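Please open the structure in your viewer and keep the sequence panel beside it. The stops below suggest what to select next and describe what is there.

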Amino acid sequence: MTYRLSRRPSADTYVGPYKVADFPGRWVFSLRPLSMELNRVADPWLTGALTPEWDWVLWRGAAWAYLSYLAVVLAAWALRNRYVLGVAAVVAGQQLAVLANISAQDFRYMASPIFVGALLLPLFLGSLARLSAEGGQGLRRRLRRRPAIPAPEPAPEATPEPGPEPEPEPEPAPEEAEAEPLVVSKSEPLDPEEPG
């Protein structure tokens, strides 16, 4: 609503006609958008957002606060990182301060969750996309493990007719290994002729 009031063409529309004295350069103080093209695109959207059908959804701090909590929880789950939950501390602190200190339900007290929630909206959508992609990959893996159509059982192999068994090859006789001399160290072999 404040934005709507600030878009009035001149100071006369705030206080009434002919209440402000005329002076040179008064046109400088009339409000005009920085970009007329962007104003033409955004104005119907803003006008539509202020209708009673959408006002209760788009301009309530509590709805955006809960959307912020949902976005942060989904992001923590998608990223497998519990520290992402700290992002919700701003909104939780705001809600707890309003709960403890303020009895009136004014827009100004819960305006910050609207901005934080709008900033966390891309995080919410990105987390949903990541979790759905991971879910799709898991589903594909499960479907690959279980074939949809059971494979036909292989036909039993024909057993060959019994014939004479081949004679086993004779094993070579084990060779006797020479006895190694007793070694005191690898560098000095013990001489068998010397008395020990």
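Read along the sequence, the protein chain follows the pattern α-α-α-α-α-α-α, and colouring by secondary structure should show seven helices and zero strands; helices (H or I, at least four residues) and strands (E, at least two) are DSSP runs, numbered from the N terminus. This is a predicted model, in which local features need pLDDT of at least 70 and side-chain atom pairs count only at pLDDT 80 or more, while totals for chains, interfaces and linings use all residues. Residues are numbered from 1 along each chain as its sequence is written, and side-chain values use heavy atoms, with hydrogens and water left out.

**The whole chain**

Show the surface of the protein chain, which exposes about 17200 Å², with carbon and sulfur atoms supplying 63% of it; accessible areas come from the Shrake-Rupley method with a 1.4 Å probe, and for residues only the protein chains shown count as cover. Of the 196 residues, 16% count as buried, where buried means under 20% relative accessible area, exposed means over 50%, and partly exposed lies in between (1.4 Å probe, protein chains only). Among the contacts in the protein chain with a separation of 6 or more, 53% are between residues 24 or more positions apart, a contact being heavy atoms within 4.5 Å.

**The largest nonpolar core**

Which residues touch the most other members of the largest nonpolar core? Select Val72, Val84 and Leu120, which hold that place among its 14 residues; the elements that give two or more residues to this core are α5 (61-79) and α7 (111-145), and α5 supplies the largest share, seven residues. A nonpolar core here is a set of buried Ala, Val, Leu, Ile, Met, Phe, Trp, Tyr and Cys residues joined through side-chain atoms within 4.5 Å. In soluble globular proteins, nonpolar side chains tend to be buried together. Centre the view on Val72 next: leaving out residues up to four places away in sequence, Val72 touches Val84, Leu85, Val87, Ala88 and Leu120.

**Where α5 meets α7**

Now display α5 and α7 together, which pack at an angle of about 35° with their axes 7 Å apart; axes are lines fitted to C-alpha atoms, for helices over the stretch in contact, and angles run from 0 to 180 degrees between N-to-C directions. α5 passes α7 in a left-handed crossing, a term used if the near helix is turned anticlockwise from the far one by less than a right angle, with right-handed used if clockwise. The contact of α5 with α7 has 21 nonpolar, four polar and two charged residues, where Ala, Val, Leu, Ile, Met, Phe, Trp, Tyr, Cys and Pro count as nonpolar, Asp, Glu, Lys and Arg as charged, and the others, Gly among them, as polar.

Select Gly117, which is in helix α7: is Gly117 buried or exposed? Gly117 counts as buried because its relative accessible area is 2%, and, not counting residues up to four places away in sequence, Gly117 touches Trp64 and Ser68. Measuring from Gly117 to Leu70 in α5, you should find their C-alpha atoms separated by 9.9 Å, although the two are 47 residues apart along the chain. Leu70 itself counts as partly exposed, because its relative accessibility is 43%.

Move along α7 to Leu123, which is partly exposed because its relative accessible area is 30%. Leaving aside neighbours within four places in sequence, Leu123 is in contact with Ala71 and Ala75, and from Leu123 to Leu74 the C-alpha distance is 8.6 Å across 49 residues of sequence.

**The loop and α6**

Leave α5 for the loop that leads to α6 (89-101), and select Arg80 there. Arg80 has a positive phi of about 55° although it is not a glycine, and Arg80 is exposed because its relative accessible area is 57%.

Finally, show α5 with α6, which pack at an angle of about 145° with their axes 9 Å apart, again in a left-handed crossing. Ala65, Tyr66, Ser68 and Tyr69 in α5 meet Val91, Ala92 and Gln95 in α6, and the residues of this contact divide into five nonpolar, two polar and no charged. End on Tyr66, which is exposed because its relative accessible area is 52%; the C-alpha atoms of Tyr66 and Ala88, 22 residues apart in sequence, are 9.8 Å apart in space.
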